[in-house]
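Colleague: Please take me through the salt bridges of this model, one pair at a time. I am a first-year student, so kindly explain each term as you go.

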Amino acid sequence: MFGSIKQQTRTLLCLAVLLVFCTASHAQFTFGTTGLLHLPTADMQRDKTFMGGGTLLNLHSTPSTWNYNTYNYYIGLTFFPWMEVTYTCTLFSAKSLGVDKYPYTKGHFSNQDRNFSLRLRLWKEGWWKTWTPQIVFGANDVLHTREKGSSLGQIGVTSTSNGYWGRFYIAATKHFDFQGIGNLGAHAVYFIDNNRTGFLYNGLGAGVNFQFATPGDNFGQKLLNRMNVMAEYDTREGSIGMHIAVWKDMFNIATELYGCKHLSVGAYMKIHLR
C-alpha cells in the first residue's frame, strides 16, 4: 500500500494543527498503536484521545523487506473507550526500490508502506471480579493486495501479500498498584496463526511495564515519575525500553533496545479531544 509522501505528510500536518487547537496508556511506537514496544497490550487510551508521532526504526525492528534503518509516522484516534484506529506509514528508500525507477531521489526515501490497525476492547478490567483482566482483539496491517495487479482491499495475513506488518492477536492485561511506588502492568498476547515469512508472530508473547508514582516533589522524584519502563518477549525477541513523559502525558519520548541491543527512538503526542 503506497502513496505520495508529500501528499500524506501535508494531510497529517493539517490534522495535527487542527487537533492541537482543539485542546492536550503509552503508544506502541513501532506500530503507532497502544502497547509496549512490539508487543500489543489490552490497555486502551481515554475516550476521544488522538495520538500522533514518529520513530527512527532500527532495521532489526522491521520486517525483512527493510534491510536498512528507516522512519515511520502515524496518527491514531480512540473513537470510543472500546475502539482504536491507527494509520501508520513506514518509509522506503529509493535505492532499495531501484534507482532507475526513482532517479530524481538518488538514494533518499521516496515512497512508503501504509497500514491500518484496529483494536477492539472485548472485556474491561475488573468487570466481573477484581482479578479479571482486560481483553482486547486487534489487527495490524491486514488490508492489502495479495498479488501484483490485484485490487486493493483483501483482508488477512499471508506470506505473499504486501501487508508487511500483518498480524491478528488477542491481548490480556492486568494492573497491580503498589502504594507509594507505582503501578505494574502484566500483559499476555496470543498471536493468531499469522503467516508472514519475513515478520512472523505466532503463539504466546508476554511483557511487563512499570509506571513510577513515588511521593514527593523534588527533582529526582518528578523525573522518576515520568518514566514508564518496559520489558517484553514478542515471540521473536526479548526487548527492553522506556517511555518518558517530557510534558505531562501530552508529549513523550520512547526508546527501545530490540533484542536488548538494537536501538530505536521515537516521540509521540497525545491530545484528549474532550
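Modeller: Here is a walk through the salt bridges, with a short look at the nonpolar residues at the end.

This is a predicted model, in which local features need pLDDT of at least 70 and side-chain atom pairs count only at pLDDT 80 or more, while totals for chains, interfaces and linings use all residues. Residues are numbered from 1 along each chain as its sequence is written, and side-chain values use heavy atoms, with hydrogens and water left out.

A salt bridge is a side-chain nitrogen of Lys or Arg within 4 Å of a carboxyl oxygen of Asp or Glu. The structure has three of them.

Let's begin with K48 and D47, whose side chains meet with 3.2 Å from N to O. To describe their surroundings we need some cut-offs: buried means under 20% relative accessible area, exposed means over 50%, and partly exposed is in between (1.4 Å probe, protein chains only). K48 counts as partly exposed because its relative accessibility is 24%. D47, at 15%, is buried.

Next comes R119, which pairs with E84; their closest N and O atoms are 3.3 Å apart. R119 sits in strand β6 (residues 109-123) and E84 in strand β5 (residues 83-93), so this bridge ties together parts that are 35 residues apart in sequence. Strands here are DSSP runs of E with at least two residues, numbered from the N terminus. Both partners, R119 and E84, are buried.

The remaining pair is K174 with E125, at 3.5 Å from N to O. K174 belongs to strand β10, while E125 is in the loop between β6 and β7 (134-140), so parts 49 residues apart in sequence are tied together. K174 is buried, with a relative accessible area of 16%, whereas E125 is partly exposed at 25%.

Strand β10 also leads us to the nonpolar residues. A nonpolar core is a set of buried Ala, Val, Leu, Ile, Met, Phe, Trp, Tyr and Cys residues joined through side-chain atoms within 4.5 Å. The largest one has 24 residues, and W66, W165, V189 and F191 touch the most other members. Two elements, β10 (167-178) and β11 (182-191), give two or more residues to this core. A second, separate core has seven residues, including Y87, C89, L91 and I271. In soluble globular proteins, nonpolar side chains tend to be buried together.

Key: Helix = DSSP H or I, 4+ residues; strand = E, 2+ residues; numbered from the N terminus.
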